[in-house]
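Thank you all for coming; I would like to take a few minutes to walk through one model, going from a single helix to the whole protein and then to some loop residues. Please have the sequence and the coordinates open while I talk.

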Amino acid sequence: MSTIKRPEEINHDRRSFLRNAAMTLAAAELVAIGSAHAQSSQTSPAQVPPIKPGTNTSFGSLKQIDAGLLNVGYAEAGPANGPAVVLLHGWPYDIHSFVDVAPLLASAGYRVIIPHLRGYGTTRFLSSATFRNAQQSAVALDIIALMDALKIQTATVAGFDWGARTADAMATLWSERCKAIVSVSGYLISSPAGNQVPLPPEPAFLFWYQYYFATPVGKAGYAKYLDQFNKFIWHQASPKWNFDDATYDRTAASFNNPDHVDIVMHDYRWRLGLADGERKYDDLEKRLAALPPITVPTITIEGDANGAIHAPSAAYRNRFSGKYEYRLIAGGVGHNLPQEAPQAFAQAIVDVDSY
């Protein structure tokens, strides 16, 4: 079972202050929690039961709905009238990253929505003329459109990799739609201009695939060796995760989407300033490029064996100005944290929802 380490971040002066003002702060905290959580401020969050990763292998039948520019394929679990949770995957993964998380949340009473992002699974563009764009604001707007189509006004949004970046962008651009977020690896908003700063050799090495994708041969190589390529990334990003072929193959089916290669290429090329975005997203990207703080309640979470490049938690702490907690998940947990440590990921969602 994974364990959670919570680093102490309170200094001596604040501890002294808390001792002197304990009664005042306790009362204020109860008022704040009571206004944020409509049920009970007197009870602790439910404890998610343990689950062995890989217990579940499918979601059953997927649903499809037109939302914004897309016909979105998504899985749904839990009661239709439960508080909404949206779970967002990254690259090169899909909704199966949450195959054990979703039933845990459903059993706790949440309505859980797990969409395939643009370029994955059964999600399709409604028009062949739509530019195959993967810049961060466009993907975030996809999820807002999905929430609108499903008549979900607010949700707790949780994700990793592209999904964490999308959750961060949603909480920045549409904070009123995000009750709270869980973001693996912290604050992932960036900009093409910001990404022009050269990296030292070691982190640059971990980004090798981005530079490969910047070339015509990289795009051709990704298309030709799609399964081998993405399986290699799984091993690099989660070096201690002993997944089997069946686990990989269930996700790999999602890469057969006709837009997958174009979406992946545009994402990484746009980040490096090598591919243009669309002018209609310029205002949103300008706001994101300022790297504004995220004000909604947040838990950032990290695996202790994440082989993908990621910043230390102290580097992004000041990007979160609301109620905040950082959790390190021990036990050889890599980049695909929800699939490798589903209990810890689900518990973070339940906990941040109580904030």
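The buried residues of helix H9 are Leu 226, Phe 229, Asn 230, Ile 233, Trp 234 and Ala 237. If you look down the axis of H9, those buried residues fall within an arc of 140°, and so they line one face of the helix. As for what that face meets, the buried residues of H9 pack against helix H7, residues 208-213, and helix H8, residues 216-224, as well as against helix H10, residues 245-252, and helix H11, residues 260-271. The length of H9 can be checked too: the helix has 12 residues, 226-237, which at 1.5 Å a residue should span 16 Å, and its end C-alpha atoms are indeed 16 Å apart, which agrees.

I should say clearly that this is a predicted model, and everything I describe should be taken in that light. For the protein as a whole, the secondary structure comes to 15 helices and 10 strands. Of the 355 residues in the protein, 53% are buried. If we take the contacts with a separation of 6 or more, residues 24 or more positions apart account for 80% of them. The accessible surface comes to about 15900 Å², and carbon and sulfur atoms make up 56% of that surface.

Let me turn now to the loops, beginning with His 89, which lies between strand E4, residues 84-88, and helix H3, residues 101-107. Is His 89 buried or exposed? Its relative accessibility is 0%, and therefore His 89 counts as buried. What does the side chain of His 89 reach? On one side of the account there is the backbone oxygen of Tyr 93, at 3.4 Å, and on the other the backbone nitrogen of Leu 117, at 3.1 Å. Leaving aside neighbours within four places in sequence, His 89 is in contact with a number of residues, including Asp 94, Ile 95 and Phe 98, Pro 115, His 116 and Leu 117, and also Phe 160, Trp 162 and Gly 163.

The partner Leu 117 deserves a word of its own, since it is found in the loop between strand E5, residues 111-115, and strand E6, residues 124-125. With a relative accessible area of 2%, Leu 117 is buried. Although Leu 117 and Leu 88 are 29 residues apart in sequence, their C-alpha atoms are 7.6 Å apart in space. Again leaving aside neighbours within four places, Leu 117 is in contact with Leu 88, His 89, Thr 123, Val 139, Ile 143 and Trp 162.

Finally, some backbone details that I would ask you to inspect for yourselves. In the loop between E4 and H3 we find Pro 92, and the peptide bond from Trp 91 to Pro 92 is cis, with omega near -5°. Lys 151 has a positive phi of about 60° although it is not a glycine; Lys 151 sits in the loop between helix H4, residues 136-149, and strand E7, residues 155-159, and is exposed, with a relative accessible area of 74%. Ser 185, also not a glycine, has a positive phi of about 70°; Ser 185 is in the loop between strand E8, residues 178-184, and helix H6, residues 201-206, but is buried, with a relative accessible area of 6%.

Note on methods
Residues are numbered from 1 along each chain as its sequence is written. Side-chain values use heavy atoms; hydrogens and water are left out. Helices (H or I, at least four residues) and strands (E, at least two) are DSSP runs, numbered from the N terminus. The expected span of a helix is 1.5 Å times one less than its number of residues. Buried means under 20% relative accessible area, exposed over 50%, partly exposed in between (1.4 Å probe, protein chains only). The arc is that of the directions from the helix axis to the C-beta atoms. Contact means heavy atoms within 4.5 Å. Accessible areas come from the Shrake-Rupley method with a 1.4 Å probe; for residues, only the protein chains shown count as cover. A polar contact is a pair of N or O atoms within 3.5 Å; within protein, one must be able to donate a hydrogen and the other to accept it, and residues adjacent in sequence count only if both atoms are side-chain atoms.
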